[in-house]
Structure formats: structure tokens, C-alpha cells
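Student: I am new to this structure and would like to go through it slowly, one question at a time. Could we begin with a single residue and work outwards from there?

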2 protein chains.
Amino acid sequence: MVTLDNKRHQHYKEVFFIKAFQEFFHQFLLLSRPFEHHLNNELGKHRLYRAQWSILYYIANNDSATLVELAHYQRIEKPTVTRTVTRLEEQGYLEHIPGKDRREKRMQLTTHGKKVYEDVRVTIDQFEKEILAHIPEEDQLAGIEMMKTIRMNLISRENSK
Amino acid sequence: MVTLDNKRHQHYKEVFFIKAFQEFFHQFLLLSRPFEHHLNNELGKHRLYRAQWSILYYIANNDSATLVELAHYQRIEKPTVTRTVTRLEEQGYLEHIPGKDRREKRMQLTTHGKKVYEDVRVTIDQFEKEILAHIPEEDQLAGIEMMKTIRMNLISRENSK
DNA sequence: ATAATTAGTTATCTTGGGTAACTAATTTAC
DNA sequence: GTAAATTAGTTACCCAAGATAACTAATTAT
């Protein structure tokens, strides 16, 4: 009887009381694929992809950026940035503004790029609002802070290793 | 003077009061790449990748699964599942248990697979705990619910389109 | 019994990460 | 002031993990 109860108890624990941190990242992964998928669908209407959009977003909010700046911010390698920026340049959304340091390639939105960003922004705003339905702004703000903290924890791990 | 104040005000709004839903998904993207990167680093110690780990996780928590079940749950296409499951089979972590319906391929962990899962679990638990440092369990639980809601909003969008 | 559906596979494409090795420009050290 | 070290960016190439299209085999529905 005791043995059976122990077994039941164990089963109960395993199935229903998964640890919060496990469940947290499980849900994070379960959300990130579909989110990226849908985001790319929306962006596809404007012939864009997530990686390109991330760069447009950064530059739209910071006026200009160098490739290294983008790489550091997004925590990706320089060659990845080079490739994506090149595509955006080819599409006529970004242009190179020369600065003092002739090594660096500082990019800004072209007039066309600004126009496109604003257009896409409308689509994406709509999309993001829709999928945040029923989530109070207060919780959204708490979520933002949480993600920032986790990101910082990740980054400090990098440096200490 | 009025014009200048307006300009300042506008600038202030744009730079410091980005809408919550924009910032939410911006942070989500900023977190998901580094998270996957670090997760893969940890998994690499055991010669695993994120996609494989997701499948091991699901089967470890559900005893067995068919490929279609995995595809539906993770919202990915069947060929993607086939490939990843095949790798896990080759590594000797999964085995096919025949059922009534001879079309479906129901998979379960092998003894070796169970052992490996438990080993990796320790590494990943440690990793996940570390990067959730300074986040109260209460907030983690709120985050879990938020991600579930967003995921459901995404899925219901799919169906209505 | 035939038609439609379902589970899984194979072939092939694509995005977007990564590393290694390089050039050109700038800074630092001597 | 020059040589060495560092930094920004590029090129070539690799790979994981998603996707679609077209297929077979098994099962269900008509």
C-alpha cells in the first residue's frame, strides 16, 4: 500500500508539477517557432524576413548603425550581419553614409527604406496587437523586464566562461 | 518656441515611449537567438541540438509519441520531424513501438535514451536556473501563462485565416 | 470495392546562424 | 614615426532546422 502510494505520488509530481524554470523555457521554445513563422508570413507581404526586419527596426530607432554595432546588439556574428545588410542595400532600403573612420560602414535608411519601414510597421503593429490580445499592458511590461533580465543573465554567463 | 517644444515632445515620445507590444516582441527576438545559441552550447556537450532535445523532452514527459503528434504539438511540418526523429533513432535514443495502426510510427525512449535524457536534464536544469536568476517563481509562472496565451492567439489566427 | 484521408518518407530549397581566413584602416607601443 | 596589434568588414564555406511538393502505404468513409 505504501509502495503504491509512493508510486502514485511520484507520478503525480512528475506529470503535474514540472518545475517552473523547465516549463518556462519549454513554453518559450513552443512560442518562438510559431511566432517567427507568423512574423515571416506577415513580413513576406513586403518581401522581407525576420533578420532583415530586425535590422530595419534597429536603424529606424537609432537613425544609423555600423555593422559591428548591429552584430553586438543582436549577438550575432559579423558575417551574418554583412549578408543581411547587403540584401537590404540591394533592395534599396539602406545606404552607406561615410564617416571619419573609413573601416566602418555606417548605414542609414534611404527615403524609400523609411517609407517601407512605416508601411511594414503598420502590418506588424496589427499582428503584434492581435496576438497580445487579452494580455494587460501591465503584464506586457513585466514580461519585457523579465526578458531583459534573462538576456542579461545569458550575456554575463558568456563573459564569465 | 511652440514648434521647438512640439519637436522635443515628439522625439521624447518616439525614443522613450515605444509601444509596449512593439517592445515586447523586440525583446522576445533579442532573447530567442542568444537563448537558442547557449542552449545548443549546453546540448553540444551531449552531442545534441535544440530540435532533438525538444523531441526527447516531449517523449520523456508523455511516454511515447507519433511523428504527427510531435509535428502538431511543435507546429512544425512532418518532414522536419522525420529527419530529427531519424537522427535520434540512429543515436540509439529512440525506438519504434509497433501499434495497431501500421501507418503510424510511435516512438519511445530506449533505456539508453532515458539515461541520456536524465543526464542532459541535469545540465539544462542548471543552465535554466542560472539564467532565471533574480526572477521570482511567481513571475516565472505569470510568464508561462502569458506565453501560453500568446501561443493560443497565434494558433487561432492560423485557423481563422 | 472504390475513393478519400492519414502517416510517414524522400528530394530539394531556403533562411539564418556559425567559423576560418583574409584585407584594409586605425590605434597602440616602443 | 614606424612596427605591431587591434578593429571593421568581407569572402568562402559549413550546418541546423525550417518549408514545400510529390510520393507510398495503410486505414476509413462512401
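Student: Is A:Asp101 buried, partly exposed or exposed?
Tutor: Please keep in mind throughout that this is a predicted model. The relative accessible area of A:Asp101 is 28%. Buried would need a value under 20% and exposed one over 50%, so A:Asp101 falls between the two and is partly exposed.

Student: With which residue does A:Asp101 form a salt bridge?
Tutor: The closest N and O atoms of the pair are 2.8 Å apart, and a salt bridge requires such atoms to be within 4 Å. The partner counts as exposed, because its relative accessibility is 74%. The residue that pairs with A:Asp101 is A:Arg103.

Student: How many residues apart in sequence are the parts that A:Arg106 and A:Glu69 tie together?
Tutor: These two residues form a salt bridge whose closest N and O atoms are 3.8 Å apart. A:Arg106 belongs to strand E3 (residues 106-109) of chain A, while A:Glu69 belongs to helix H4 (residues 67-74) of chain A. A:Arg106 counts as partly exposed at 26% relative accessibility, and A:Glu69 counts as partly exposed at 27%. The parts that this pair ties together are separated in sequence by 37 residues.

Student: Which residue of chain B forms a salt bridge with A:Arg157?
Tutor: A:Arg157 lies in helix H7 (residues 137-160) of chain A, and the pair crosses from there to helix H2 (residues 20-44) of chain B. The closest N and O atoms are 2.3 Å apart, and both residues of the pair are buried. The partner in chain B is B:Glu42.

Student: Which residue of chain B is linked with A:Glu42, A:Lys45 and A:Glu130 in a network of salt bridges?
Tutor: A search of the whole structure, over all chains, finds 28 salt bridges. A:Glu42, A:Lys45 and A:Glu130 are linked in a network of such bridges, and the member from chain B is B:Arg157.

Student: What kind of axis relates chain A to chain B?
Tutor: In general, two copies of a chain are related by a rotation about an axis together with a shift along it. Here chain A can be laid on chain B with an RMSD of 0.0 Å, by a turn of 180° and a shift of 0.0 Å along the axis. That relation is the one given by a two-fold axis.

Student: Which residue of chain A has the C-alpha nearest the axis?
Tutor: The C-alpha in question is 3.2 Å from the axis. Within chain A, the residue it belongs to is A:Gly143.

Student: What percentage of the contact residues of chain A recur in chain B?
Tutor: The same surface serves both copies. The share of chain A's contact residues that recur in chain B is 100%.

Key. Residues numbered from 1 in each chain as written. Chains lettered and ligands numbered in written order. Predicted model: local features only at pLDDT ≥ 70, side-chain atom pairs only at ≥ 80, totals over all residues. Heavy atoms only, no water. Least-squares fit on C-alpha atoms with pLDDT ≥ 70 in both. Contact = heavy atoms within 4.5 Å. Salt bridge = Lys/Arg side-chain N within 4 Å of Asp/Glu carboxyl O. Helix = DSSP H or I, 4+ residues; strand = E, 2+ residues; numbered from the N terminus. Buried < 20%, exposed > 50% of the residue type's maximum accessible area, 1.4 Å probe, protein only.
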